[in-house]
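Me: I would like to learn how to read a structure of this kind, feature by feature. Could you take me through the one shown here?

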Amino acid sequence: MKDSYALITGASSGIGLEIADYMAKKGFNLIITSRTESKLKKLSQELVSKYKVKVDVFSSDLADSSSPNKIFEFCESKGYFVEILINNAGYAIPTSFEETSMEDEEKFIRVLGISVIAITKLFIPKMIKNKHGKIMIVSSVAAFAPPSSIQVLYGPIKTFMNRFSEGINLSYNYRGITSTAVCPGYTVTNFHSASGVQEEMDRVPEFLKKPAKRIAIEGVDAMFKGKKVYIPTKTWKVIGFLINTTPKVVFDFLSSILAPGRYDKK
Ligand SMILES: NC(=O)c1ccc[n+]([C@@H]2O[C@H](COP(=O)([O-])OP(=O)(O)OC[C@H]3O[C@@H](n4cnc5c(N)ncnc54)[C@H](OP(=O)(O)O)[C@@H]3O)[C@@H](O)[C@H]2O)c1
């Protein structure tokens, strides 16, 4: 389709960067966004020279309520049809619930939740008109895990996003649009250092940490197959299965061994 694009949020590092690389490798034109313009421009230059696709950049902070509209207006002004929308941007709050200001909680919910809904709402009408569209939400295995006493809202917002993705699927599948919630486990990216939880990540056994490239490739492939919920890597598929089937009391014990630091021992 003429001037059709894939829009990727949080493309400046980690899973989003690898998704951008894989999508460009597949020949898709891209609009990449995050807060850090310098990183986006560098990535854009690399992808254009490597894969000969068109890559445009738009820097914006998704904690700002006006950002989804600004991203949409940018795409409209350039005449881009976003046929693939990848909602990936995210981070975690390192402080406990009682230490975190309400302002920071609201920003967090906006970046990982409200902005995803707003961006999807803005871009879906053209997908409906064209009877074609793919949406991916980079969620987390935390969506299925029991609540944690640190990062209290991280699991719940990812659960919300999984349910949102399911709702989009149910509502628009028959009109040619699918939505895929990709749920990675621990992934080696900038996420833990950017979120101030690198020490916790360092304590996680190596076999549980997966490379961002692998998550990106498996996630994008699942999106093209129209999977509703997808857990990348065999290890995390097994863990996801256990989370969903093991009695809670057994699961809580096992997860405290497998993921030290995730559950507050205070
Ligand atoms: N790493 C893991 O273990 C893991 C596991 C499960 C799920 N996930 C999910 O995977 C997604 C990607 O995370 P990652 O691991 O790739 O982390 P990352 O390397 O830190 O990348 C996060 C991306 O989000 C962008 N971002 C953060 N805050 C933003 C904001 N306010 N506005 C706009 N963009 C923002 C960052 O760019 P700027 O800093 O330039 O804005 C960056 O491009 C997240 O949704 C995360 O919840 C990660």
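Me: How do the residues of the shell around the ligand divide into nonpolar, polar and charged?

Reply: A word on the source comes before the answer. This is a predicted model, in which local features need pLDDT of at least 70 and side-chain atom pairs count only at pLDDT 80 or more, while totals for chains, interfaces and linings use all residues. Residues are numbered from 1 along each chain as its sequence is written. Ala, Val, Leu, Ile, Met, Phe, Trp, Tyr, Cys and Pro count as nonpolar, Asp, Glu, Lys and Arg as charged, and the others, Gly among them, as polar; on that scheme the shell holds 13 nonpolar, 13 polar and three charged residues.

Me: Which residues come nearest to the ligand, and which element gives the most to the shell?

Reply: A residue is near the ligand if its C-beta atom, placed from the backbone, lies within 6 Å of it. Of the 29 residues around the ligand, those that come nearest are G10, G14, R35, G90 and F191. Two elements, α1 (14-25) and α6 (191-194), give two or more residues to the shell, and α1 gives the most, with three residues. Helices (H or I, at least four residues) and strands (E, at least two) are DSSP runs, numbered from the N terminus.

Me: What is the order of the strands in the open sheet?

Reply: Strands of a sheet pair through backbone hydrogen bonds, either parallel or antiparallel. Two strands count as paired if DSSP finds at least two bridges between them. Here seven strands form an open sheet in the order β3-β2-β1-β4-β5-β6-β9, with parallel pairing. At the edges stand β3 and β9 (229-230), each with a single partner strand, so one side of each is left without a neighbour in the sheet.

Me: Which strands pair with β1, and how many of its residues are buried?

Reply: A residue is buried if 20 or more other C-beta atoms lie within 10 Å of its own, exposed if 12 or fewer, and partly exposed in between, with C-beta atoms placed from the backbone. Strand β1 (residues 4-9) has five of its six residues buried, so it is largely enclosed by the rest of the structure. β1 pairs in the parallel sense over five bridges with β4 (residues 81-87), where A6 stands opposite I84, and also over five bridges in the parallel sense with β2 (residues 29-34), where Y5 stands opposite N29. Together, β1, α1 and β2 make a right-handed β-α-β unit, right-handed meaning that, with the strands pointing away from the viewer, the path from the first strand over the helix to the second runs clockwise.

Me: Which residues of α9 are buried, and which are exposed?

Reply: An α-helix has 3.6 residues a turn, so residues three or four places apart point the same way. In α9 (residues 234-245), the buried residues are W236, I239, G240 and I243. They cover an arc of only 105° around the axis, taken from the directions from the helix axis to the C-beta atoms, which puts them on the same side of α9. The face turned away from that buried side carries the exposed residues K234, V238, F241 and T245.

Me: Where is K52 placed, and is K52 buried or exposed?

Reply: K52 sits in the loop between α2 (37-51) and β3 (55-59), and K52 is exposed, with 9 other C-beta atoms within 10 Å. Its phi is near 55°, a positive value in a residue other than glycine.

Notes
The expected span of a helix is 1.5 Å times one less than its number of residues.
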